[in-house]
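Thanks for sharing this one with me. I have put my comments into numbered points, so you can follow along with the model open beside you.

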Amino acid sequence: MTAPHPRRRRALAIPAGMAMATALALLPGVPAAAADGPSATADAASLSYVVNVRPGQAPSAQVKRAIAEAGGTIVTSYDRIGVIVVHAADPGFAEAVRKVRGVQSAGATRTAPLPSAATADMGTPKVLGAREVAAAEATAGQDPLQKYQWDLPAIKADKAHEKSLGSAGVTVAVIDTGVDDTHPDIAPNFDRAASVNCVSGKPDTTDGAWRPGAAESPHGTHVAGEIAAAKNGVGMTGVAPGVKVSGIKVSNPDGFFYTEAVVCGFMWAAEHGVEVTNNSYYTDPWYFNCKDDPDQKALVEAVTRASRYAEKKGAVNVAAAGNENYDLAADAIADPSSPNDTTPSDRVVDPSECYDIPTQLPGVVTVAATGAKGIKSSFSNHGLGVIDIAAPGGDSTAYQKPEPPADNGLILGTLPGGKWGYMAGTSMASPHVAGVAALIRSTHPDASPAEVKSLLYAQADATPCTTPYDIDGDGETDAVCEGPAERNGFYGHGIADALDAVTK
């Protein structure tokens, strides 16, 4: 069973017939201010490019001259990793620059001119009334909405909070669609100094530039609440409610996550003391980036350099595995959705040569999703040797129904405007792991990223393959899991364990 490919990120990719899982359940609250970050401005016929040169030094005079002669304008240069962001209108720009001595690779980051064409976004929200909100009463030691968060006991976060809420000295950066820092569950833990708008590929630190606009996706705000919603008697509780969270906005108003923005996001996190980054997206416009294509090769190289630099500077990078029920260890995968900013073409790719970035990059923690019954979510990608760990990402209640009082199989999170609501996807699984990684770093403040990852995997609860995996009960196998309980294609090293994170 293969889930249909959605336009929207790593959330809400639910198989046909599961309309409830494509909606948000909203709880009304206090409206928040919104500030749009600037999009890249250029001639309507221009494209954006990355030009990769030798790291550690500014672009040479020869490279700068060649870029100008090919009709390019340098937007910014990340000299520490040798990535230059350029705008150019000439469609032959990349080919011309690749021939220049000192240029290691170059490629267009999109197929649509700047700015990109608008696309569809989230499903229609399912709004809950004020009566239902008022009925949510706090129990001893819990925030009012925590009783609906079946995902917290699934990773023993409720027990972990009796020991530790995490350290305010640890920051998790949400590299995403923006974070509403005025939300009452986010404001107490928000790290403004580590927040930025990177949409143009160049940091914009204007106050509030990291927030989503009124018409933009609530995705990043939801992720931020899952990680670090404060334990403050209001709303819900995050996996690590004592740590800080920052917003690094990399999604443009049309919902695209382009390479130059993602590079900027990792670099900002690296230079601002972030301990963990959460990446619940794939880098547009290619779902898989094939290294035998010169443009796509350059995108892989640029994001690889940036993510590795962030890890070198102390960050653990966590990413969602994706929502198409793909076997990422297969010999071939059909990719009918790329490029998604113009006209997709049918192609078949080898995922060992064509990468979902940043998900499949070296060093990145790749997270699969589970539902309320603790088995792989119907939509979650999988793959032996690709999936590192699993965590709650939700599923339809028709497939995995939580125990009362929880009545929704999706994941509760914060939403812009002081609201709360439900979403599903590996987008929701990844922040659970990011939160656990933040708890590990809180317990072991001097641990390196490699040590944090080692503890994360060692402490995970080994989970054997679900065999046969017939999630919809129609008598047909919907996905095949390979490997032992200690490391398999559905759950990796197992399901994340927040209690071990604060006690071991």
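Which residue in E19 is the bridge partner of Thr-414? Trp-420 is the one to look for. Please keep in mind while reading that this is a predicted model.

1. **The hairpin around that pair.** Strand E18 covers residues 411–415 and strand E19 covers residues 419–423; five bridges join the two, and they run antiparallel. Together E18 and E19 make a hairpin with three residues between them. In the turn you will find Gly-417, which has a positive phi of about 85°. Four of the five residues of E19 are buried, so this strand is largely enclosed by the rest of the structure.

2. **An open antiparallel sheet.** Earlier in the chain, four strands form an open sheet, in the order E3-E4-E2-E5, with antiparallel pairing. The edges are E3 (72–78) and E5 (103–108), each of which pairs on one side only. From one strand to the next, the twist averages 20°. If you want a landmark, take E2 (residues 47–53), which pairs with E5 over five bridges in the antiparallel sense. There, Val-51 stands opposite Ala-106 of E5.

3. **Helices on that sheet.** Helix H1 (residues 61–69) lies across E2, E3, E4 (83–88) and E5, and runs at about 145° to E3. Helix H8 (residues 294–312) also packs on the sheet, where it touches E2, E4 and E5. The direction of H8 makes about 110° with that of E5.

4. **A buried strand with parallel neighbours.** Strand E7 (residues 171–176) is worth a look of its own. Six of its six residues are buried, so E7 is largely enclosed by the rest of the structure. Both faces are covered: Thr-171, Ala-173 and Ile-175 are buried on one side, and Val-172, Val-174 and Asp-176 on the other. E7 pairs with E9 (residues 244–249) in the parallel sense, over six bridges. E7 also runs parallel to E10 (residues 276–279), joined to it by four bridges. Val-174 shows both pairings: it stands opposite Gly-247 in E9, and its bridge partner in E10 is Asn-278.

5. **The annotated positions.** An unreviewed UniProt entry places the feature "active site" at Asp-176, His-219 and Ser-427. These positions span 252 residues in sequence, yet no two of their C-alpha atoms are more than 10.2 Å apart, so they gather at one spot. Since the annotation comes from an unreviewed entry, I would word it in the text as coming from that record.

6. **Asp-176 and His-219.** Where do these two sit? Asp-176 belongs to strand E7, while His-219 is in helix H6 (residues 219–228). Asp-176 is buried, with a relative accessible area of 0%, and His-219 counts as buried at 0% relative accessibility. Their side chains make a polar contact at 2.7 Å. Leaving out residues up to four places away in sequence, Asp-176 touches several others, among them Gly-220, Ile-248, Lys-249, Phe-257 and Ser-280.

7. **Asn-252 in its loop.** Asn-252 is found in the loop between E9 and helix H7 (259–271). With a relative accessible area of 9%, Asn-252 is buried. The side chain of Asn-252 reaches the backbone nitrogen of Asp-254 at 2.9 Å, and a polar atom of that side chain lies 3.0 Å from the backbone nitrogen of Phe-256. Asn-252 and Cys-198 are 54 residues apart along the chain, and their C-alpha atoms are separated by 9.1 Å.

8. **Two nonpolar cores.** How many residues are in the largest nonpolar core? There are 71, and those with the most contacts inside it are Val-318, Val-365, Val-367, Ile-389, Val-433, Val-436 and Leu-456. Helix H9 (residues 426–443) gives the largest share of this core, with nine residues. A second, separate core has 39 residues, including Ile-81, Val-250, Trp-268 and Leu-299. Back in the largest core, Ile-389 is a good residue to display: not counting residues up to four places away in sequence, its contacts include Val-365, Val-367, Val-433, Leu-456 and Tyr-491.

Definitions and conventions
Residues numbered from 1 in each chain as written. Predicted model: local features only at pLDDT ≥ 70, side-chain atom pairs only at ≥ 80, totals over all residues. Heavy atoms only, no water. Pairing = 2+ DSSP bridges. Axes fitted to C-alpha atoms, helices over the stretch in contact; angles between N-to-C directions. Contact = heavy atoms within 4.5 Å. Buried < 20%, exposed > 50% of the residue type's maximum accessible area, 1.4 Å probe, protein only. UniProt positions renumbered as here; feature names shortened; annotations may be inferred. Polar contact = N/O pair within 3.5 Å; in protein donor to acceptor, adjacent residues only side chain to side chain. Core = buried A, V, L, I, M, F, W, Y, C linked by side-chain atoms within 4.5 Å.
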